[in-house]
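Please open the structure in your viewer and keep the selection tool at hand. The tour goes from one selection to the next and says what can be found at each stop.

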Amino acid sequence: MTILGLAVRIWGLGRLGLVHFDEGIYAIAGLWPLRPGGIDPMSIPYAPPGFPGLVGLSYLIVGSSDVAAILVSIMAGTLAVPVSAWLARRTFGPGAGAAAAVLAAFSAFHVAFSRMALTDATATLAWLLGLIAAQRFLERPGAGSALALGLATGTAQLVKYSGWTVGAAAALGAAAVVALDPARRTRAQARSYLAWGTAAALIAAIVYAPWFAFVQDHGGYAALLAHHRGYMGTVATWPSRWLQQLRQASALSGGFPWNAAAWTLAAAGVAIAGGEGRGRRAAVVAGVGVAGIFAPSILWWLGLAVFVVSSRGASPGLRLLAAAWVGMSLLTPFYHPYARLWLPLQALGWIAAAGLVREGFDQAREGAKARLLALVACCGAAVAQTLVWPSATLPGPLGPRDSLRTATSTARVAVGDSDAPVRVLARPPVRFYLAAPSIVEPDAEGLLKGGGGWALVDVAQLRQSGEVIDLGARLLERWEKVGEYPTTLDAPTLLDVNPGAAVVSRPGEADAPLWLLRPRPGVPR
């Protein structure tokens, strides 16, 4: 499954490129080993140094290019397959790893972000590894497990600012174990969790401290937190954002072929894995899979059924995953509804599905409970899917993503050997591809004041500045359009620009051409 997971993620490698706004930031920040000054402070609002650091190492190994940056996500996304199987097996026992591995390998949602130079595939891998470390801590609190948990939490925090949720899940899981498990409801157990948990928190803080100091020296951490608070919603916006993110997960699920392949192979994997009751397990996977094909949001409902409903008498590892699932389900919709933020919950859905087919089949009573949970999850997903039905027009995850690279290269040839810097109002990947002196325009106002030289304008960036038709008309009063080069937003980028595109995608909304402009003769500069 790991090999197959790599195959789908690396498919058409030569046609991959940078499309998303943030991909350009990370690709540029990854140049740190090739120029003085280290990590560019411009990346601070976007992410800690973990992902740009890995991109820089990739540049040193294979050379600086867009594909080298994307390879980091491809490898992290591939490694999520065996790590998911490991987490499922250690939580639910032998047989669970097969289903989790297949669902991870063929998750079109995860594949899409594994083929982008974004932090999210790497952050999901770090998060899953952090959960494994947290499980070990809850099972055997001590110096070694506290060290592993602290290192895992600090590492996850260095990859994405939400990495602290690993430590938060461990704390909530410890509280749940002490409160709900009579055998562990002792003062000694509580003191052990508190003492070694504090040690783990201190270790995580030490790991993260250098980046905290760097941010303090470049604008201050308070300014960073204020920036992120601008993306936070309220209790009133939570339900609509929750529905929106379920729609996005469904829209990025790949549709019938991806879901059918994933669930069919998951059933086959459970049967091949062997063990008592494997035929019944495979049948349950197939039954849940039929619902999953038509209701891709079933993974969230499986999490509800497995992690919350079946928590009585659960192991510390399962209580941890329940705490993580509840916490992320509550927190994620408060932030701006970026589709990629749903990846941790999607990964927990793989583990929940694996647990459903493995848990309790050795006893008739437990087997009946598992089948009841499967029925509840399928019914919930089927009913909810009527509220979150996505658009059927979004492209799949294996399509080419090199249109922006091609467009920028064509525009660069048209500019020729001009010594004047090109004025750029475009997504950051354009600056990475341009490889020529440039002046970045933060918005359209600078270009509306006129000026000399060439200008490269990205319609996707223009949309962020205001109404394209109005701004475009005003720009063309001062500038002459020399060329227009087509580019296309892939599905994840389109959903970040317009989260509502999961339901209604307007014709041409994914089109984002580049305009090459030069000053009109006779217009005052």
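The stops below cover two helix contacts, a cavity and a pair of aromatic rings. Please keep in mind throughout that this is a predicted model.

Begin by selecting residues 165-180, which form helix 9, together with residues 187-217, which form helix 10. The axes of helix 9 and helix 10 come within 10 Å and cross at roughly 175 degrees. Because an angle over 145 degrees counts as roughly antiparallel, helix 9 and helix 10 are described as roughly antiparallel to each other. To see where they touch, show the side chains of Ala 174, Val 177 and Val 178 in helix 9, which meet Gln 189, Ala 190 and Tyr 193 in helix 10. By class, this contact of helix 9 with helix 10 has five nonpolar residues, one polar residue and no charged residues.

Keep helix 10 selected and add residues 221-229, which are helix 11. Here the axes of helix 10 and helix 11 come within 7 Å and cross at roughly 90 degrees, which makes helix 10 roughly perpendicular to helix 11. On the side of helix 10, the contact is made by Tyr 208, Phe 212, Val 215 and Gln 216, while helix 11 contributes Tyr 221, Ala 222 and Leu 224. Sorted by class, the contact of helix 10 with helix 11 has six nonpolar residues, one polar residue and no charged residues.

Now turn to the cavities, of which there are five with a volume of 30 Å³ or more. The largest cavity has a volume of about 170 Å³, and to centre the view on it you can select Ser 107, Asn 259, Trp 263, Leu 299 and Gln 346, which lie nearest its centre among the 17 residues of its lining. Which helices each supply at least two residues of that lining? They are helix 6 (108-114), helix 13 (255-273), helix 15 (298-309) and helix 17 (343-358), and the largest share, four residues, comes from helix 13. The lining of the largest cavity divides into 12 nonpolar residues, five polar residues and no charged residues.

For the last stop, stay with helix 6 and select Phe 109 and Phe 113, which both lie in this helix, four residues apart, or about one turn of the helix. The structure holds 13 aromatic pairs. In the pair of Phe 109 and Phe 113, the ring centres are 5.7 Å apart and the planes stand at 85 degrees, so the pair is edge-to-face.

Technical notes
Residues numbered from 1 in each chain as written. Predicted model: local features only at pLDDT ≥ 70, side-chain atom pairs only at ≥ 80, totals over all residues. Heavy atoms only, no water. Axes fitted to C-alpha atoms, helices over the stretch in contact; angles between N-to-C directions. Parallel < 35°, antiparallel > 145°, perpendicular 65-115°, else oblique. Contact = heavy atoms within 4.5 Å. Nonpolar A, V, L, I, M, F, W, Y, C, P; charged D, E, K, R; others polar. 1 Å grid on protein atoms, 1.4 Å probe; cavity = no way out; pocket = protein on both sides within 12 Å on 5 of 7 lines; lining within 4 Å. Points joined across faces, edges and corners; volume = space filled by probe spheres on them. Phe/Tyr/Trp six-rings, centres within 6.5 Å; stacked < 30°, edge-to-face > 60°.
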